[in-house]
Every structure is written in C-alpha cells, then in structure tokens.
Amino acid sequence: MSITYLPEQSLTIGDRTVGVGHPPLLIAEIGINHNGEIERAKTLIRAAKKCGAHAVKFQKRNLEEIYTRDILEHLESYEQGFQYLIPILRRFELSNFEMRELKVFAESLGLLFLCTAFDETSAQFLHEIDLQAFKVSSA
C-alpha cells in the first residue's frame, strides 16, 4: 500500500481547518492518563487549555469486543503483556456517562473533545454523542 500526499487537501474538525496553509491543531493526548478518575480527567483538560491546546483526546474501548472471553477470564494463561495491560484497562475505562460529562466540560472551555475508538461499539457511542471527529485505533 502506498500513501500519496496531496498538499491541496484539507479537512475540517469543528470550526478548524487542518492542512497545508492552516495553523496547526494542537491536540493534548490524555488517553487513559486520568487513571479512571473523572476529576483527574478534568484537571488534565484544564491543563491542556492552559498550555494552549485546541483539543483533548481520550480513548474508549469495550474489552469484551476486543478480546476473547477466554483471554478476559483466564489472563494467567496468556502472555505477560495481557496480564499487565487488561487489568489496567478495566480499572481506567471511563463510563459512557463520564465520557459525555467530559465532552461537555471540554467544550465549555472552548476545546474540541476527540477520542480514539478501539472497537465498533465504542465508535458507535462516539458517533451518538456527536463528536466533531474521532480517531480509529491503530491497533
């Protein structure tokens, strides 16, 4: 596969145009650095705003859709990476309600709220809460 760069192409996210000849869109990658705590997530959003970011980006995943039931129920039988990562992802995943709350909060500060979807269920949820854009996970 080859990717061709076409400098005349641009895209619009919210009221921002991204592309050659436009100022950069600064996105603060929050990911799961909130440790599953909504108040910490809000603190990170405030910090992003203070640092001049135009947008914040979180992550949304449904582990049951990404991993097999056997992996989720028998971590000890799988590689150490799964044994380490999956408990963290379980503990740090924000609820749909919390994600909606963070979207409203970020937008109240004038920030775009973006998110990476790791599965179809998460992508559908992000579509339903009317994000200006979301990233599809590279995983």
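Trainee: Which residues point one way from β5 and which the other way, and are they buried or exposed?

Mentor: Leu112, Leu114 and Thr116 point one way, Phe113, Cys115 and Ala117 point the other way, and all are buried. Keep in mind that this is a predicted model.

Trainee: What makes β5 "largely enclosed"?

Mentor: Buried means under 20% relative accessible area. Six of the six residues of β5 are buried, so the rest of the structure largely encloses the strand.

Trainee: How do you know that β4 and β5 pair, and in which sense?

Mentor: Pairing takes at least two bridges between the strands. β4 and β5 have six bridges, in the parallel sense. One place to look is Lys57, whose bridge partner in β5 is Leu114.

Trainee: And what about β5 and β6, how many bridges are there?

Mentor: Two bridges, and again they run in the parallel sense. With at least two as the cut-off, β5 and β6 therefore count as paired. Thr116 stands opposite Lys135 in β6, and the bridge partner of Ala117 in β6 is Val136. Between these strands the chain goes from β5 through α6 to β6, a β-α-β crossover that is right-handed.

Trainee: What is the strand order in the open sheet?

Mentor: Four strands, β3-β4-β5-β6, with parallel pairing.

Trainee: Why are β3 and β6 said to stand at the edges?

Mentor: Each has a single partner strand, so one side of β3 and one side of β6 have no neighbour in the sheet.

Trainee: Moving on to α5, how do its 13 residues compare with the expected span?

Mentor: From first C-alpha to last, α5 reaches 18 Å, close to the 18 Å expected at 1.5 Å a residue. Just after α5, Gly110 takes a positive phi of about 85 degrees.

Trainee: What makes people say that the buried residues line one face of α5?

Mentor: The buried ones are Met99, Leu102, Lys103, Phe105 and Ala106. Looking down the axis of α5, the buried residues fall within an arc of 165 degrees, so they line one face. The face turned away from that side carries the exposed residues Phe97, Val104 and Ser108. Among the elements covering the buried residues of α5 are α1, β4, β5 and α6.

Trainee: Which residues touch the most other members of the largest nonpolar core?

Mentor: That core has 23 residues, and the ones touching the most other members are Ile45, Val56, Phe58, Met99, Leu102, Phe113 and Leu126. At least two core residues come from each of β3, α1, β4, α5, β5 and α6. Apart from this core lies another, of ten residues, including Tyr67, Leu72, Ile88 and Phe92.

Trainee: What is Leu102 in contact with, beyond its neighbours within four places in sequence?

Mentor: Ile38, Ala41, Lys42, Ile45, Phe58, Leu94 and Phe113.

Trainee: Why does Asn35 count as partly exposed?

Mentor: Partly exposed runs between the 20% and 50% cut-offs. Asn35 has 28% relative accessibility, so it is called partly exposed. Asn35 sits in the loop between β3 and α1, and its phi is near 55 degrees, positive in a residue other than glycine.

Trainee: And why is Asp130 called exposed?

Mentor: Exposed means over 50%. At 54% relative accessibility, Asp130 therefore counts as exposed. Asp130 lies in the loop between α6 and β6, and its phi, near 65 degrees, is also a positive value in a residue other than glycine.

Conventions. Residues numbered from 1 in each chain as written. Predicted model: local features only at pLDDT ≥ 70, side-chain atom pairs only at ≥ 80, totals over all residues. Heavy atoms only, no water. Core = buried A, V, L, I, M, F, W, Y, C linked by side-chain atoms within 4.5 Å. Buried < 20%, exposed > 50% of the residue type's maximum accessible area, 1.4 Å probe, protein only. Contact = heavy atoms within 4.5 Å. Right-handed = clockwise from strand over helix to strand, strands pointing away. Expected span 1.5 Å × (residues − 1). Arc of directions from axis to C-beta.
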